[in-house]
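Biologist: Please take a close look at how the helices are packed, and follow the account outward from there to the parts that surround them. I should like residues named wherever possible.

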Amino acid sequence: MERKMRIIPYEVIAHAEQVTETPTGVEMIQAPKVWDITKGAGVTIAILDTGCDTHHPDLQERIRNGRNFTDDDQSHPDIYEDYNGHGTHVAGTIAAIQNNTGVVGVAPEVNLLIGKVLNKDGSGQIDWIINGILYAIEQKVDIISMSLGGPEDVPELHEAIQKAVNNNILVICAAGNEGDNDSNTDEYGYPGYYNEVISVGAINLNRQSSEFSNSNNEVDLAAPGENILSTYLDGKYATLSGTSMATPHVSGAMALIKVIANQSFERELTEPELYAQLIKRTIPLGDSPRLEGNGMVYLTAQEELAKLFKPQTIARLLNI
């Protein structure tokens, strides 16, 4: 029996033909406040998912390349279209461009590498996912975003992720949607539970932990994951909920942080250093760390602290 993983289960709240707005989640994490510094240009994010609507007007300019690793389209490697919708929604939250209509993503100038590792049913063999990770490494991406998971710890998958991290790639994964609204119980999903990845839990638009979000001691931070508006199939839009929707908020934020931090330090930061820069840009929401980790990603956290505290106090608060 072949080992498989699936998209993290999610809920479709609504569909829309046309929209013109900045999604609330993008606003919540303060992305527009840093766009005068960077919109992510020069950073490449690999989205390992169900593919992408490559003709979507909000996305087509951002797609650099891609490859199909699934059994869709007779396994043709150059056809990485999305027939599910999940991957297109993730892509929009990360990188939808600013048009006169549509939505805008967290980092609207990043490049996207589309690794189609899940088929139209949202299911994928472990080998497809591993091959997608190796492809992303080969293409020298900066970030890998994975809103997928399964209950099984697969050593070969873990090794591929470790190889990516060792190549200075940030790997960002959904924590999972098996939560029971009790932070004292553990819910495990892989690859989100691996220590090497940045594991993302979900909160609602009122900054409360989502009832479905997994709790465990490997959750790193949280992001908006309920009622998230983004791009969808056939050039349209949809509102979805799940940790799958929280993850791309962090992937896009990480692209912005990488540009800002590298400019500030005047060198290329390592993966652990960039992770530290991400955690410095979180704010605690008052829930258990097993649900929210270090808190919600908040791109202007350091600037907000600077208004309230002296520099030495900020250093102590941020453990720097």
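**Helix packing and its surroundings**

Modeller: The contact between α3 and α4 is made by I126, I129, I130, I133, L134 and I137 on the α3 side and by E156, L157, A160, I161, K163 and A164 on the α4 side. The model described here is predicted. The two axes approach to within 10 Å and cross at roughly 10 degrees. An angle under 35 degrees counts as roughly parallel, and α3 and α4 are therefore roughly parallel to each other.

Helix α3 covers residues 126-138, and its 13 residues should span 18 Å at 1.5 Å a residue; the C-alpha atoms at its ends lie 18 Å apart, in agreement with that expectation. Several of its residues that face α4, namely I126, I129, I130, I133 and I137, are also among the buried residues of the helix. The remaining buried positions of α3 are W128, G132, Y135 and A136. An α-helix has 3.6 residues a turn, so residues three or four places apart point the same way. Just after the helix, K140 adopts a positive phi of about 60 degrees.

On the other partner, α4 comprises residues 155-166, and N168 lies in the loop between α4 and β9. With a relative accessibility of 29%, N168 counts as partly exposed. Beyond its neighbours within four places in sequence, N168 is in contact with D142, L269, T270 and E271. The pairing of N168 with E271 joins positions 103 residues apart in sequence, whose C-alpha atoms are 5.0 Å apart in space.

E271 belongs to the stretch 271-279, which is α6, and this leads to a second helix pair. Helices α5 and α6 pack with their axes 9 Å apart and at an angle of about 110 degrees. That angle makes α5 roughly perpendicular to α6. The residues in contact are V250, M254, I257, K258, A261, N262 and F265 from α5, together with L274, Q277 and L278 from α6.

V250 also appears in the nonpolar interior. The largest nonpolar core has 45 residues, and I45, V110, L112 and V250 touch the most other members. At least two residues of this core come from each of β3, α2, β5, β9, β10, β11, α5 and α6, with the largest share, 10 residues, supplied by α5. In soluble globular proteins, nonpolar side chains tend to be buried together. V110 touches K39, G40, V43, I45, R62, I94, A95 and A255, when residues up to four places away in sequence are set aside. Another core, of 32 residues, lies apart from the largest one and includes L48, Y135, A160 and I169. Of these, Y135 is a buried residue of α3, and A160 is one of the α4 residues that meet α3.

Charged pairs add a further set of connections. The structure holds six salt bridges. In one of them, D72 pairs with K116, with the closest N and O atoms 2.9 Å apart. D72 is in the loop between β4 and α2, whereas K116 is in strand β5, and the two are 44 residues apart. Both ends of this pair are buried: D72 counts as buried at 2% relative accessibility, and K116 does so at 0%. D72 forms a salt bridge with K120 as well, at 3.7 Å from N to O. Because D72 lies in the loop between β4 and α2 and K120 in the loop between β5 and β6, this second pair ties together parts that are 48 residues apart in sequence. Unlike D72, which is buried, K120 counts as partly exposed, at 47% relative accessibility.

A further salt bridge returns to α6: E273 and R267 meet through their side chains at 2.8 Å, N to O. E273 has a relative accessible area of 28% and is partly exposed, as is R267 at 38%. Through shared partners, D72, K116 and K120 are joined by salt bridges into one network.

A last point concerns a strand residue. T239 is found in strand β13, residues 237-241, and counts as buried at 15% relative accessibility. With neighbours within four places in sequence left aside, T239 is in contact with E11, V12, I13, A14, H89, N227, I228 and L229.

Terms used:
Residues are numbered from 1 along each chain as its sequence is written. This is a predicted model: local features need pLDDT of at least 70, side-chain atom pairs count only at pLDDT 80 or more; totals for chains, interfaces and linings use all residues. Side-chain values use heavy atoms; hydrogens and water are left out. A nonpolar core is a set of buried Ala, Val, Leu, Ile, Met, Phe, Trp, Tyr and Cys residues joined through side-chain atoms within 4.5 Å. Buried means under 20% relative accessible area, exposed over 50%, partly exposed in between (1.4 Å probe, protein chains only). Helices (H or I, at least four residues) and strands (E, at least two) are DSSP runs, numbered from the N terminus. Contact means heavy atoms within 4.5 Å. A salt bridge is a side-chain nitrogen of Lys or Arg within 4 Å of a carboxyl oxygen of Asp or Glu. The expected span of a helix is 1.5 Å times one less than its number of residues. Axes are lines fitted to C-alpha atoms, for helices over the stretch in contact, and angles run from 0 to 180 degrees between N-to-C directions. Angles under 35 degrees count as roughly parallel, over 145 as roughly antiparallel, 65 to 115 as roughly perpendicular and the rest as oblique.
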